[in-house]
Each structure stands twice: as structure tokens, then as C-alpha cells.
Amino acid sequence: MICQAVAMVTAASDAPVELRTARPDDLDGIAELLAARGEPADGVDLRLVAGDPDEGLGSVFVAAVGPRVVATATLLSETVRVGTASLPAGQVELVATDPEFEGRGLVRALMGLAHDRSRARGDLLQVMIGIPYFYRQFGYVYAMPIPLTRSVVAGADLGPASDGLSVRAATAADIPAMHELQTRAQSSVDVSMPHSPGCWRWLTARDGSVQWVVETPDGRAVATARALPPDEGLVLGEVAGEPDGVRALLRHARELTDDVAVMERPGTPEGAVLDALLDPVDDIDAARHWHYVRIERVAPVLEALRPVLGRRWLDAGGSDREPHEMLISSYRSHVRFRLDASGMGDVREGGPLQAPVSAGGSGVPPDVLGPLLVGPHGAVGLERRHGDVLLGRQRDLMAALFPPSTSDLLTFYLPI
Ligand SMILES: CC(C)(COP(=O)(O)OP(=O)(O)OC[C@H]1O[C@@H](n2cnc3c(N)ncnc32)[C@H](O)[C@@H]1OP(=O)(O)O)[C@@H](O)C(=O)NCCC(=O)NCCS
């Protein structure tokens, strides 16, 4: 736990507001606030996180006036995989302020506490799903596209009901099999985030969504998905598994209701199976939502990515090329590292550097670093989109080190 009474601010009502990690006697108040400002299930979710051995009350932050909780935010532990590198990350969730206390900077302050904790435990970045624009005020940028949710096409071939596969709700005993199916699905994308062990426990215990598994007659799990209750049509997300299993999931959903939509899974084998069963997307540039990413310091992230970036350089013929001193400036600060026959060297950080191109380097502003490292456009696509991304004479190397990335993130809340 990093803080007790972290700070006091004065709300407009002049009541002193205490900012701190949550205590057991806050739980009812936090759950009530979340349920009132979000979904009833949010209160259940909060208790699952607060009671979890991997997270606990130390992950939950509150603003309180005496015994009354007036704002809250929770930091979850995540791992973002980029190629072969695993980056520790944080995800802020379950954010809400009592309407009487809105607009007084309480969530800004709680985000600060969450980011302090995230940094202190060694996270290299933060990811988020959140309301539009709001989190950009705290250093987040839109970096990875959220897959579209598409209806099942009329007359889709969902396989014969006689294939012997059955679908049932998962229990905690199914977690290893579901995790394995998801790991296989994610192995084909460049950037992925699995469910943490804690998150798997909450997903099989919560009532906001249901985990499904598809089994063969001898009890082998061949597919899984997550279903949102069919209040306004049933939504399936995180579909993973063998093609017959994927079709059995959709068939089962269709048996429950005609109104079934499925989150696509681009870049995975499952995505290819789903693509043929879901309504076509006419416009590939269709408006979509994005995962937020926040990178406070790029040097440690690049350091963690050394094996991946070194491999990309060597795959681009690096061992036959002259060694190169890379310079990437975010204008407010810059990094340098060496590329040679052995791969990528240490990342060194420096201060402001305004004209990287004339120094032989590249310019990438701070708010484009996230999209550069994990986004779908790659360095060259970002140069076309942003006036202050300037790749200079290093363009071919920037293109090789930072190609467009496919991504697939599993999050506590389905981002639909
Ligand atoms: C959105 C919400 C969390 C904001 O909480 P808050 O305590 O009022 O936020 P803050 O006062 O800390 O706001 C921080 C900044 O964002 C601004 N802001 C407040 N609400 C905003 C919104 N909806 N969109 C954009 N900016 C907003 C504030 O003016 C403030 O700007 P400043 O620091 O430059 O003065 C709160 O309105 C809420 O609980 N809404 C319902 C639940 C919800 O949407 N939760 C978020 C789910 S991701």
C-alpha cells in the first residue's frame, strides 16, 4: 500500500476531501457510488477486485468526506505483450464521482494516485477503455483500435447441431483451458494483453457477463467466448478456439435469441472464421473506438523492447549494414541507441532536442509514441498523419523498427 491519507483538498462546499487508498469500511460506499453512476454489476466487480489476493484494497482509491465516498478509481495489474517482450502495465477502471462533487478535480487527483502506484510498482505503460476525450487530459492517447461488433449474417453456416459439441457456462475449473485457448488466439497478433489471473477469477464469478466453453463429448474444451446478457440482443466477445467450436458458440447464441452480435477478432485465426459469418464491413475506415495508452517515459519501454526491436533490425538485414546510431526525439526529450551486428544497444535518454532531422534522427511527439509502439499505422503511416512526425534520413530504419501492429486486448470490461 503506497499511501494512507495522501492528500486533502477542499471541495467547493468547504468540506475537506481526503484522497487515499480504500479501507474495508469504504466498500459499501464505493459499490453504491459505482452502481449509481454505472451498472449494478460494477459494485459486484469492485468487491471482487478489492477482495482479490493479487489486487486488494490497495488497488482502489477514494476521495472521501468523512465516512462518505465521493469519488473512486481502481488500478488493475496487466501485462502487454509486444512480440516476445512482456511489459508490465496498469489499467484504471471503475471510475466515478458523486454528481454533487463533479468538476472539482477529484478524478484528476485519483488518476494521479493510480499513476503514482503504477509507476512505483514498475509498470511501463497504462492502457484504458474510457469515455471519449476525458482521459486524454491525463496523458492517454488513442493507440489501438477496438474491434467492431457485427451481426451474424442471416443464413450463416453455423455447422450441424449433430456435431456433438455442447456449450455450457464456465466455472473457475475451466480457467486453465480458457486461458490456453486465448493464448493460442493471441499468438498470431503483434501486440496482445491476456486476462490477468485475477481477472479470470472475477470473470467466472461476476454476473455482468458469462463465460462460455464448448466441449467435445469427452469433455475437451475446444472453444470459449464471453456473453453479455441478452437485454438488448446478445453480444459475444473474446471468441477463441477451433473453427467448429466457434460455429457452435454462434449457433448456441442464435438458439437463445435471433439478435446476436459478435466482436470481430482481426489478426487471429478465429477472426478469419468469424469474418465469413458476420455482416460485411463496407467501409474499412468505418468510425471505431480505440484503446487508450499512456506512456510516461519512452526510454524504459524501448529498453524492455530491445529484443524485439533488435530482431526487427536484424531481420531487415542489420547484420550486413553499417552500425547506426538511432536518434528519436520527442522534442521535449530524446533517446539514442545503437544498432549493430549484435542487435540493439542500451537506450540513453537526453533532454530537449528541437531539430532531430538535421541531427540525422527522427521526431515523434510524446502523444504519438504510444501509436508508434503498438498502433496500426507504423512509423510511415504516422508520418503521413501527423505534421510533427518527421522520420528524416532514418525513415527506412524507423519503418523497419516500427511497422504497423495488429493488436488484441482482453479487458475486464468488453469494450463494446
Ligand atoms: C466522468 C467523471 C468520472 C468525471 O469525474 P470528476 O471528478 O468530475 O472529474 P474531474 O473534476 O477530476 O475532471 C478532470 C478534468 O476533466 C474535466 N471534465 C469533467 N468531466 C468531463 C467529461 N465528462 N469530459 C471531459 N472533461 C471532463 C474537468 O473540467 C477537469 O478539467 P480541469 O482539470 O482542466 O479543470 C464523472 O462525471 C462521472 O462519474 N461520470 C459518470 C460515470 C463515468 O462516466 N465514469 C467514467 C467511466 S470510464
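In this predicted model, Tyr-133 is found in the loop that runs between strand E6 (125-128) and E7. The backbone of Tyr-133 deserves a second look: its phi is near 70°, a positive value in a residue other than glycine. Most residues other than glycine have a negative phi. With a relative accessible area of 48%, Tyr-133 is partly exposed, because the exposed class begins only over 50%.

A positive phi also turns up at Glu-238, where the angle is about 55° although the residue is not a glycine. Here the setting is a strand, E13 (residues 234-241). Glu-238 has a relative accessibility of 7% and therefore counts as buried, the limit for that class being under 20%.

Aromatic rings come next. The count of aromatic pairs comes to nine. One of them joins Tyr-135 and Phe-138 in an edge-to-face arrangement, with 6.1 Å from centre to centre and 70° between the planes. Tyr-135 and Phe-138 are both buried. In the pair formed by Phe-412 and Tyr-413, the ring centres are 4.9 Å apart and the planes meet at 45°, so this pair is classed as tilted. Burial applies here too, to Phe-412 as well as to Tyr-413. Tyr-135 and Phe-138 also belong to one aromatic cluster, together with Phe-134, Tyr-140, Tyr-142 and Tyr-292. A ring meets a charge at Phe-101: the charged end of Arg-104 sits over this ring, 4.8 Å from its centre.

For readers interested in open space, the pockets are a natural next stop. Rolling a probe the size of a water molecule over the atoms shows where empty space is left. The largest pocket has a volume of about 1500 Å³. Its lining consists of 46 residues, and those closest to the centre are Gly-38, Glu-39, Asp-42, Glu-93 and Ile-131. At least two lining residues come from each of helix H1 (27-37), helix H2 (40-50), strand E5 (85-97) and helix H3 (106-120). Strand E5 gives the most, with six residues. Sorted by class, the lining of this largest pocket holds 26 nonpolar, nine polar and eleven charged residues.

The second largest pocket has a volume of about 630 Å³. It is lined by 32 residues, and Val-141, Pro-366, Asp-367, Val-368 and Leu-369 are the closest to its centre. Many elements take part in this lining. Strands E7 (141-145), E15 (290-294), E17 (334-340) and E19 (348-350) each supply at least two residues, and so does each of the helices H8 (298-304), H10 (366-374) and H11 (378-385). The largest share, six residues, comes from H10. The lining of the second largest pocket divides into 16 nonpolar, eight polar and eight charged residues.

Enclosed space is present as well, in three cavities of 30 Å³ or more. The largest cavity contains about 140 Å³ of space. Of the 14 residues that line this cavity, Pro-147, Met-263, Asp-408, Leu-409 and Leu-410 lie nearest its centre. Strand E21 (residues 407-409) gives the most to the lining, with three residues. By class, seven of the lining residues of the largest cavity are nonpolar, three are polar and four are charged.

Two further residues round off the picture. Val-210 has its place in strand E11 (residues 210-215). Its relative accessible area of 35% makes Val-210 partly exposed, because that value falls between the limits of 20% and 50%. Beyond its neighbours within four places in sequence, Val-210 is in contact with Ala-169, Ala-225, Arg-226 and Ala-227. Gly-198, twelve residues away from Val-210 in sequence, is 16 Å from it in space, C-alpha to C-alpha.

Asp-174 lies in the loop between strand E9 (166-169) and helix H4 (175-186). At 10% relative accessibility, Asp-174 counts as buried, because the class covers values under 20%. With neighbours within four places in sequence left aside, the contacts of Asp-174 are Arg-168, Ala-169 and Val-213. Ala-169 thus appears among the contacts of Val-210 and among those of Asp-174.

Terms used. Residues are numbered from 1 along each chain as its sequence is written. This is a predicted model: local features need pLDDT of at least 70, side-chain atom pairs count only at pLDDT 80 or more; totals for chains, interfaces and linings use all residues. Side-chain values use heavy atoms; hydrogens and water are left out. On a 1 Å grid over the protein atoms alone, a cavity is a set of points where a 1.4 Å probe fits but cannot get out, and a pocket is an open set with protein on both sides within 12 Å along at least five of seven lines; lining residues have an atom within 4 Å of a point. Grid points are joined across faces, edges and corners, and a volume is the space filled by probe spheres set on the points. Helices (H or I, at least four residues) and strands (E, at least two) are DSSP runs, numbered from the N terminus. Ala, Val, Leu, Ile, Met, Phe, Trp, Tyr, Cys and Pro count as nonpolar, Asp, Glu, Lys and Arg as charged, and the others, Gly among them, as polar. Rings of Phe, Tyr and Trp (its six-membered ring) pair if their centres lie within 6.5 Å; planes under 30 degrees apart count as stacked, over 60 as edge-to-face and the rest as tilted. Buried means under 20% relative accessible area, exposed over 50%, partly exposed in between (1.4 Å probe, protein chains only). A charge sits over a ring if NZ of Lys or CZ of Arg is within 6 Å of the ring centre and within 35 degrees of the ring normal. Contact means heavy atoms within 4.5 Å.
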